[in-house]
Amino acid sequence: MKPSRSLLLLLLLTLFTSPSLSRPAPPSLLRLPIDRPRSRSAARRDCESWRFTVETNDAVLWKQIPGECEAYVEAYLVGERYAADSRAVAEESLAFAEESLAFAAGESGRAGTVGGSDAWVFDVDETLLSNLPYYAENGYGAEIFNETSFDEWVNVARAPALQSSLGLYQELQNLGITIILLTGRSEFQRNATEQNMLFAGYRSWERLILRQDSDMGKSAVVYKSERRAELVSEGYRILGNSGDQWSDLLGFALAKRSFKLPNPMYYIA
């Protein structure tokens, strides 16, 4: 006797719905970060990636470092990595300067060092001077910037030199390049800045440019671009520009080549 159609349907339904025969659901291909337990090594990788976005100018308009990255930033700054990264930038800067002057000398038939119209522009804070002693007391950038306490630190005039930058500074002077200091500090801080530069070992800069009353309210990009344009109008050829912020380097009246030093502690637009 042939089974009825209803009996066949009942058998098929039983087979495909039986727990022992049904296939388990595949794991989800999409896992949000909140679903994944974060190990210490994973958190470190996240902070390394965050610092990468800072140095490539992809992370903008941030006011403080992520709280979970404070220990990572401290370890980077006080360890060998920060010094090594800064040293690598200085070495590339000097190599560029030497090659550029050698090429210019060959093109013009000049010999020896160049004249004073070739200039190199340096930012001051975290470029020539290190404010790590101050930021060590203020969370390495984990705390919101306090202008009053930072101004008090500036007045102490005891920030040490970034050693790789000091070496670059001196080598550029030996090549005959004019040194221009272009900082976001204000005119009322001129004496303290000059004293600190001398304390840190810097000598014989051509000019120290600080913000005047007319510069207040301008972004760093606009302010520094305008000052570089003035140097160009005076006949300087800006061979290089060194700064720890992208706002030190971008804009107009740009150097022939600019060099970005590492700084994961703060951002200036």
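**Figure 1. Strand 2 and the lining of the largest pocket.** Strand 2 hands over 4 residues, the largest share of the lining of the largest pocket in this predicted model. The pocket itself comes out at about 790 Å³. In total, 32 residues line the space, and Phe145, Phe150, Gly184, Arg185 and Ile268 are the ones that lie nearest its centre. Besides strand 2 (178–186), two other elements give two or more residues to this lining: helix 6 (147–156) and helix 9 (220–233). What about the mix of nonpolar, polar and charged residues in the lining of the largest pocket? You get 12 nonpolar, 8 polar and 12 charged.

**Figure 2. The second largest pocket, with helix 4 in the lead.** This one has a volume of about 170 Å³. Its lining takes in Tyr82, Ala83, Ser86, Arg87, Ser130, Leu132, Pro160, Ala161, Leu162, Gln163 and Ser164. Helix 4 (80–108) and helix 7 (163–174) are the elements that give two or more residues here. Helix 4 has the largest share, at 4 residues. Sorted by class, the lining of the second largest pocket holds 6 nonpolar, 4 polar and 1 charged residues.

**Figure 3. The disulfide between Cys47 and Cys69.** The structure has just 1 disulfide to show, and here the sulfur atoms of Cys47 and Cys69 sit 2.1 Å apart. Which hand does the disulfide of Cys47 and Cys69 have? The torsion about its S-S bond is about -90°, so the disulfide is left-handed. Cys47 belongs to helix 2 (40–55), while Cys69 is in the loop between helix 2 and helix 3 (70–78), so the pair ties together parts that are 22 residues apart in sequence. Are the two ends buried or exposed? Cys47 counts as buried because its relative accessibility is 3%, and Cys69 is buried too, with a relative accessible area of 3%.

**Figure 4. Pulling back to the whole protein.** Here are the 9 helices and 5 strands that the close-ups are cut from. Reading from the N terminus, the elements go α-α-α-α-β-α-α-α-β-α-β-α-β-β. Of the 269 residues, 43% are buried. The exposed area is about 15,300 Å², with carbon and sulfur atoms supplying 57% of it. As for the contacts between residues at least 6 apart in sequence, 72% join residues at least 24 apart.

Definitions and conventions. Residues are numbered from 1 along each chain as its sequence is written. This is a predicted model: local features need pLDDT of at least 70, side-chain atom pairs count only at pLDDT 80 or more; totals for chains, interfaces and linings use all residues. Side-chain values use heavy atoms; hydrogens and water are left out. A disulfide is a pair of cysteine sulfur atoms within 2.5 Å. Buried means under 20% relative accessible area, exposed over 50%, partly exposed in between (1.4 Å probe, protein chains only). Contact means heavy atoms within 4.5 Å. Accessible areas come from the Shrake-Rupley method with a 1.4 Å probe; for residues, only the protein chains shown count as cover. On a 1 Å grid over the protein atoms alone, a cavity is a set of points where a 1.4 Å probe fits but cannot get out, and a pocket is an open set with protein on both sides within 12 Å along at least five of seven lines; lining residues have an atom within 4 Å of a point. Grid points are joined across faces, edges and corners, and a volume is the space filled by probe spheres set on the points. Ala, Val, Leu, Ile, Met, Phe, Trp, Tyr, Cys and Pro count as nonpolar, Asp, Glu, Lys and Arg as charged, and the others, Gly among them, as polar.
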